[in-house]
Every structure is written in structure tokens, then in C-alpha cells.
Amino acid sequence: MIHNDSRPRRVLVILGQGGHTAEILRLVDMLAAHGAPFTYQYLITREDNVSGQRIRIPGAIFWVNRTRYKSYALWQEILRSLLALVQSFFVILAARPHAVVTSGPAVAVPVALWARLFGARVIFIECGARVTRLSLTGRLMKRLAHLFFVQWPELLDDYPQAIYAGRLV
């Protein structure tokens, strides 16, 4: 996708709870500090009461249901994943992002599917807590992401297609 005009590019940032949010918002802060020509939009799960309060660079916020949780039964995860797939479709239609950036929450997978279908670039950054093995989301996203980053060089042995560019935290 060639960018011929001077308008800022729309980046949809997927926030997850805890470390996912801290890592990805650090990246957003670094990009903004360097004057990157982006307008930011954020996707947060409805069950996350904290991530929205941690956003420092303003932008539209979209909400979807969480797909996975440790206490969910398999059938609940399947139904919630289908719901997130539908909700993600409408988020992508409304946001029209040029790129989607995420660091690992499971809701990233349905968003990435729609984003790719609508021509957006997908950038995945594996969570810094993953030192020896990719997360389930990482294993799925390595097939969907245009750029796939890991934060530990040890992961390159098993995933040579990944990019190591240092740590976010």
C-alpha cells in the first residue's frame, strides 16, 4: 500500500490487560515522541477497566468482548470468539485503519483477519514475557502478521521469520 498524500495514517492499536497494554502504549508513546505521522485508534475489551485510562495519546476507542479467559469453558470461548469476530468486522469498518498493531491479546486474531481482508497491514509484537516459546496468539498471528516481532533473540532459533529489534519494556 503506497501512501501518496500527507494525511496521517490511521493505526488501530489493540490493547490487552496488564503487560500487553504497557508494552504497546510504550510503543505508541515512542512513535508520537518521534513525530510519527499517525492518528491512533484503540481497541479494548469491555472487561478491561484499566487500559483506557492509561492512554496518553488521544484517539477513538472501540470496544469488543473478550474472547478468552482462564475460567471460561471451551464452548464459552468458541461462542465469545464468534461474537468477537462479528464485533471486529464492525470495528474495522468504522476505523478503516491503514495498520493494526498489537502485542498479544487473543482478540487480536479476529481483528487481524478482518484487517487483512480490508487491506490493512498487521504488525504483531510478541509479549516480552515470552522468552522460549510463542504464546497461542503469537502462533496464530505469525501467519497473519505482515511484520512479526519478538522481544527475545532466543525465539529466532525456532522462528527465523520473526524480527528481533530489542525490548519494549
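This dialogue reads the sheet, the helices and a surface patch of a predicted model.

Student: In what order do the strands of the sheet stand, and what is the sense of the pairing?

Tutor: The open sheet is built from 7 strands in the order 3-2-1-4-5-6-7, with parallel pairing. Strand 3 (59–64) and strand 7 (163–164) stand at the edges and have a single partner strand each, so one side of each is left without a neighbour in the sheet. For strand 3, strand 2 (residues 38–45) pairs with it in the parallel sense over 6 bridges, and Thr45 stands opposite Val64 in strand 3.

Student: Which strands does helix 1 lie across, and which does helix 3 lie across?

Tutor: Helix 1 (residues 19–33) lies across strand 1, strand 2, strand 4 and strand 5, running at about 170 degrees to strand 2. Helix 3 (residues 74–95) lies across strand 1, strand 2 and strand 3, and its angle to strand 3 is about 165 degrees.

Student: Which residues of helix 4 are buried, and what do they pack against?

Tutor: In helix 4 (residues 108–117), the buried residues are Ala108, Val109, Pro110, Val111, Ala112 and Ala115, and they pack against strand 1, strand 2, helix 3, strand 4, strand 5 and helix 5 (136–144). After helix 4 comes Gly119, with a positive phi near 90 degrees.

Student: Is Leu74 buried or exposed, and why?

Tutor: A residue counts as exposed when its relative accessible area is over 50%; Leu74 has 61% relative accessibility, and therefore counts as exposed. Leu74 belongs to helix 3, and together with Trp75, Ile78, Leu79 and Leu82 it makes a nonpolar surface patch of about 570 Å². As a general idea, an α-helix has 3.6 residues a turn, so residues three or four places apart point the same way.

Key. Residues are numbered from 1 along each chain as its sequence is written. This is a predicted model: local features need pLDDT of at least 70, side-chain atom pairs count only at pLDDT 80 or more; totals for chains, interfaces and linings use all residues. Side-chain values use heavy atoms; hydrogens and water are left out. Two strands pair if DSSP finds at least two bridges between them. Helices (H or I, at least four residues) and strands (E, at least two) are DSSP runs, numbered from the N terminus. Contact means heavy atoms within 4.5 Å. Axes are lines fitted to C-alpha atoms, for helices over the stretch in contact, and angles run from 0 to 180 degrees between N-to-C directions. Buried means under 20% relative accessible area, exposed over 50%, partly exposed in between (1.4 Å probe, protein chains only). Patches are made of residues with over 30% relative accessible area and no salt bridge: like charges are joined within 9 Å, nonpolar side chains (Val, Leu, Ile, Met, Phe, Trp, Tyr) within 5 Å. Accessible areas come from the Shrake-Rupley method with a 1.4 Å probe; for residues, only the protein chains shown count as cover. A salt bridge is a side-chain nitrogen of Lys or Arg within 4 Å of a carboxyl oxygen of Asp or Glu.
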